[in-house]
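Visitor: Please take a close look with me at one topic, the pairing of aromatic rings. I would like to follow it slowly and then see what surrounds it.

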Amino acid sequence: MRITLAVSAIFLLTNPGMAFDKVNTTFFGVAIKGYDTVAYHTESRAVKGKSKFSHKWNDAKWYFTNAENEVLFAADPERYAPQYGGY
C-alpha cells in the first residue's frame with residue numbers, strides 16, 4: 001500500500017510538460033530543419049533561415065531569415081518554438 005501511494009505521489013507531483021525539453025533537430029543540431037520559426041507567425045509561411053542569423057536555445061540552433069526575427073525569438077522563444085519540441 002505504501003509503495004502504491006509513493007508511486008502515485010511521484011506521478012502527481014511530476015509535471016509531464018516539464019519533462020519534454022528536447023527539440024527535434026537535424027544531425028547537426030539545427031531545429032526545424034533550418035526553417036525560420038518566427039516567419040511561420042509573421043509571414044504565415046515556411047521560410048528557410050540563414051546560419052548567420054542563428055540563436056542557440058534548448059540545446060538546438062535556430063536559424064532565421066533576418067536579425068529582427070532572431071531578436072524576436074531570443075526575447076520569447078517559447079512563443080515561437082513549435083509545441084512538443086517539433087516532434
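**Aromatic rings and their surroundings**

Guide: F27 counts as exposed, because its relative accessibility is 79%, where exposed means over 50% relative accessible area, buried means under 20%, and partly exposed lies in between (with a 1.4 Å probe and protein chains only). F28 is exposed as well, with a relative accessible area of 62%. Before going further, please keep in mind that this is a predicted model, in which local features need pLDDT of at least 70 and side-chain atom pairs count only at pLDDT 80 or more, while totals for chains, interfaces and linings use all residues. Residues are numbered from 1 along each chain as its sequence is written, and side-chain values use heavy atoms, with hydrogens and water left out.

Across the whole structure, a search finds five aromatic pairs. F27 and F28 form an edge-to-face pair, because their ring centres are 5.3 Å apart and their planes stand at 85 degrees; rings of Phe, Tyr and Trp (its six-membered ring) pair if their centres lie within 6.5 Å, and planes under 30 degrees apart count as stacked, over 60 as edge-to-face and the rest as tilted. W62 and F73 make a tilted pair, with 5.0 Å from centre to centre and 35 degrees between the planes. This second pair links distant parts of the chain, since W62 belongs to strand β2 and F73 to helix α3, eleven residues apart; here helices (H or I, at least four residues) and strands (E, at least two) are DSSP runs, numbered from the N terminus. W62 and F73 are both buried, and ring pairs join W57, W62, F64 and F73 into a cluster.

Several of these rings also take part in the largest nonpolar core, whose eleven residues are V23, A31, I32, V38, F53, A60, W62, F64, F73, Y80 and A81. Strand β2 gives the most to this core, namely three residues. A nonpolar core is a set of buried Ala, Val, Leu, Ile, Met, Phe, Trp, Tyr and Cys residues joined through side-chain atoms within 4.5 Å. Leaving aside neighbours within four places in sequence, F64 is in contact (heavy atoms within 4.5 Å) with a list of residues that includes V38, F53, H55 and F73.

Next to F64 in the numbering, T65 sits in the loop between β2 (60-64) and α3 (67-75). T65 is buried, because its relative accessible area is 14%, and, not counting residues up to four places away in sequence, T65 touches D36, V47, K48, G49, K50 and F53.

Two backbone details complete the picture. I32, which was listed in the core, has a positive phi of about 40 degrees although it is not a glycine, and I32 lies in the loop between α1 (2-13) and α2 (37-42). Y84, also not a glycine, has a positive phi of about 55 degrees; Y84 is found in the segment after α4 (77-80) and is exposed, with a relative accessible area of 60%.

Stepping back to the whole chain, there are four helices and two strands, which follow the pattern α-α-β-β-α-α along the sequence. Of the 87 residues, 28% count as buried.
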